[in-house]
Each structure stands twice: as C-alpha cells, then as structure tokens.
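Biologist: I am new to this structure and would like a close look at one part of it. Could you walk me through a single helix and its surroundings?

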Amino acid sequence: MTDKKLPQRNELPQEMTWNLEIMYKNSKEWEDDFSKIPELLEKFMAFKGKLKDSAAMLRDAIEASDAMERLAEKVYVYAHLRSDEDTADSKNRSKVDRASALFAEISGKTAWFDPEIMEIHPEVMAQFLQAEDLAFYKRSLEELLRERPHTLSEKEERILGMSSDVMSTPSKTFSMLNNADLRFPEINNESGTKVEMTHGNYIKFLECSKREVRKDAFEGMYDTYNKFRNTFSSTLDGTIKRHVLGSKIRNHKSALGSALFGDNIPEEVYRNLIQAVHDKLPALHKYMQLRCDALKLDKLDMYDIFCPLVPECKVEVTWQEAVKWVREALKPMGKEYCNTLEKTFEQRWVDIMECRGKRSGAYSSGCYDSYPYLLLNFHGTLNDVFTLAHELGHSMHSYYSHHAQEYHYADYRIFVAEVASTTNEQLLHQYLMKNTQDKNLKAYLLCHLLDELRGTIYRQTQFAEFELWMHEQSEQGVPLTPDVLSEKYFELNKLYYGDSVNSDQRIEMEWARIPHFYYNFYVYKYATGISAAVELSQNILSGDSRKIEDYFGFLKAGDSKDVLDIMKDAGVDLSTPKPVHDALDLFDKTVDQLRELLEL
Ligand SMILES: [Zn+2]
C-alpha cells in the first residue's frame, strides 16, 4: 500500500480501533492522574530511614511504592499507545516525553529503597520475614535478599553507579559504528537495479530467488565488516570484559552465573541447552541437504539458507477470516480461554488497520489497569494471521496474570515472555495443516515452521555457545582479537551447518554484526522459550484436561514463583534436555514431511 492511499486515523471505522477511552475519557483525566504522581512520590519518600522500624512500616513502604508505580505505568502506557496511533502527533508525543521524564525522576529519587532493605540487620529481617504483616511480600523480599552477598558497601556502589555510563562506551561505540557510520555497497537487485544495501533490506536480498543477488549481498555485507574487524573486535572485547569484571566485583563465580542469577537459573540449564542442540545437529544437516536438493544446487552456501523453498502463498485473508481461523485454532484451550478471547474483539482491545502516521509492526502492550491491548497493521497475508495469533498469546498471558495476581506479582518475566505467544503460533500451524488440502499451502506452512525452529533454536543456541566461549576466554585472560573470534566462529558455524553447506570463509565475520552479543547472555531465552512452547502446544492438543489446566497455571503465574518452577508446574522441565530434544524431533519430522510433499 502506498502512503497516499492510507486512510487518516479519523477515517477508520470505530470497530477497527482500540478503545483507549476506557483508560482516560479525555486529556484532562490523564493530566489529573499525572499530577497525582508527585504526591505519591512524596508519600513514599517519607519512609526513607524508617524501613527497619517494624514489619508493618516496611509493608506500608512497599505498598506506597507499588501505588506510585502502578499509577505511573498507567499514565505512561496510555501516552505511548495514543502516540503510536499517530507518531506525527506532537501533543501525544509530549505526553510520552513527560511520562518518561517522570519515570526517570522516580527511579533517581527512589534508588535508596532496595539498599536500605538490604541493610536491615539479618536477625531483624529474619523476624520480619516471619511476621504476618509481610507474609504476602516474603517472596519478593527473599528475591531481593539473594542479592545481599553480591552487594557492595554504599561507597563502592556509588562509585560503580558513577562509572556505569563510561563503562558502556564499548557497546555505544558498536552501536554508533554499526547503525550510524557503516555504509554497505550497492547491490544489483532482482530486476537489475542498483540499490544501496542496509541492515533493513539485507534479508530481502538474501531471500531473493536469484542466487547472484544473494551472493553479492552476502559478500558485500561481510567484506564491509571485515574492513572494520579491528574496531568491532575491540568493542566486543570491551563489552565482554565489562561483563566479566562486573561478575568478579559482585562475587559471582562466573560471568554466566552472574547473568543467570536474576532469574535464578542454574548454569546447567544453559549448558544443557547447548548439549541438547548438539545432540540434534543431524536434523539441521538433513534440512540443509533438503534445501540443497530443493534449490537444485550442487552445494549449498550460507547465502542459500534464507530464500523461500516454496513461493509465498498468495493467500488473501479478510480480518473476519483471520479471526475465525485463530478462534478455531485456539479452541483446544477450552471454553474459558475462548470466552476470554472474545473480549479482545467485543471490548476492542485491538487496533487493526494501518493508517497515516501509525507505528509500524505489531505488539501487545498494557498495564495492570488497562486492557492488554494489541497493535497490528493487518494487510491480510498469512503472516498477518500468525502475527495475530502471536500477539493474542501475549495479551491473554497478561490478562490471566493480571487477573490472578495482585499488582506486586502480576508481571511475568522476559524468560517466559515468548512462551504463550509461540504456543499460539504452534496451535495455528497445526490447525491450518489439518484443515487444508492445498499442497502448496502445506509446503509453505512446513517451511515456515522449519525456518522458525532453525532461527530460534539452532541459530540462537549457536550464538549462546559463542557467547559462553567468549566470556570463558576472557575470564582466562585471553584477548578477543579478530583472528581468535573469526577462527572460533567459523569452526562453530561448520559444526552447526555440517558438510552439506560449503561455508564461504566470509561467514567467519558474522560475530561482528550481532547486536545481541552486547546483551549479556540473553539469546538462550529464545531457544528455551520456543522449546517450551512446542511441548506445551503438544500437551494442549493431547486434549488431556489436566495438562490444559497446568497451562492455565502458567498463564496465571505472573511473577509469583521462579520461572523454572512456573514452567515445571506447567509441564515443561527446562532443567532436562527433553523439551529441546522434543522440539528438535518435531523439526526432524517436519523435514521428512516436507521432503515427501516436495517429492524430492
Ligand atoms: Zn512476541
């Protein structure tokens, strides 16, 4: 759709837009709430220095803090949702800016809170934790107290706080070089027109059916990174050193242990994931061989991994059809889930159509005192239907956690954040596979599943393994030079993709372009999350009502338990290799199914 044809916001039919009026009828109501927050902040600040006085005092302080945060979230969420309706609207933009500034002020002024709790004498705290007044907050206090052995003196903490900005210089330099300064060559696209390559269009080139285009883009990309290999290795080395230093300063056994500490994840979970993926590498090699055969190549190369094996199905789906498909696909969740799902449409949780100035993409967002809203830009492709199922998963997860938990424990963690959304995608996949006879659509769906599992389990685990290796090298004092990084990356890539891929040596530079390597052990969560989702969707489709009830337990858990316990109670034990093995067995089976369908 061209920009000219896009409707204005006020031209959209009301039923295609979300109902934000239910949060605030008008700007004045929002301003009223906004102006209440400084008073709530002041009320909270009055507790400073008094937390050790009594269990009741500490409880009142926690409640004052929650009351303030809860309202500030509502004010912020409304502003950002409104602003995303039309990003060019400066009035709504200024609300977002004001709400963000308020958040920054709150976090600056309340920084004393956690340290003051940790300073309460252990014997006094032990009594507090037994007190009726604090019974409800016991879990979150114990979570905070786990940090005590890793917390330094006030003076040391202040110095660390003061140095954190300058310590992030390596990652900022990476971001500046990578996003602002780096220029990629022009590439001849499919129709022979020269187009400047960017981060944004690189994947389009790699998806091109003409091999020359893919090859040119691949070579242009990595030759560019190679020119800056010393700078990129230096920014990466600096960041890894920062993680390692941080873990030592805070008395953690290792950088990995330090990064997993927050979610209380044992290191074995991380190492098991890598081992479990290694066990199933033959399935990835089999898929690569299938790609090679389907593309009729003598040998596959790294730039042949992204192009579609079957042409995209030109399915045009109306909004009503999309809703119907998703509704049917999610039926195995049972009546309760389906009834709640209907609220999405009846109460207008979802903003459906694209309009001028609207934020692109899709998300689920909200707060404790709002609907779990969904923003879409629905154009009626098959992908859009998957996006709807995905975002609905997030929203239903938020809905159930917010309804089952008090505000204090309502928000689920990143570790489980993609589980409900990808479970829904799995259910939609199974539903569509079962209900179509169209061979081309079936092949398309199988490819879609394979590429999703390859990208989320194999690829992210390859990154996770490289990340672990970099930190361990750094812990042993080995400098991460470009040669060291490239040699290891190439070796790992060879291990993952196997002999059916004729790795162009240039892939050794891939480490230089992955922003996630600056995130400190983040990507493994993608792999564990989707593995859990595969297992859960199989449980749900088994029709066993006890297993479905366990799934509801997960949806409702919020942050009331440790993430591994939440998943275990839902039927997925991530401390064992089973969920990853099962997900990759599904991958293996899907490769066979696709080969049969393509008659190769
Ligand atoms: Zn998501």
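Modeller: Happily; here is a walk around helix 15. This is a predicted model, in which local features need pLDDT of at least 70 and side-chain atom pairs count only at pLDDT 80 or more, while totals for chains, interfaces and linings use all residues. Residues are numbered from 1 along each chain as its sequence is written.

To set the scene, the protein has 25 helices and five strands; helices (H or I, at least four residues) and strands (E, at least two) are DSSP runs, numbered from the N terminus. Of its 600 residues, 36% count as buried. A residue is buried if 20 or more other C-beta atoms lie within 10 Å of its own, exposed if 12 or fewer, and partly exposed in between, with C-beta atoms placed from the backbone.

Now to helix 15 itself, residues 319-329, where the buried residues are Ala 322, Val 323, Val 326 and Ala 329. They sit on the same side of helix 15 because they cover an arc of only 130° around the axis; the arc is that of the directions from the helix axis to the C-beta atoms. On the other side of helix 15 you will find Gln 320 and Lys 324, which are exposed.

What do the buried residues of helix 15 pack against? Their partners are helix 16 (335-346), helix 17 (382-404) and helix 19 (419-434), where two residues are in contact if their C-beta atoms, placed from the backbone, lie within 7 Å.
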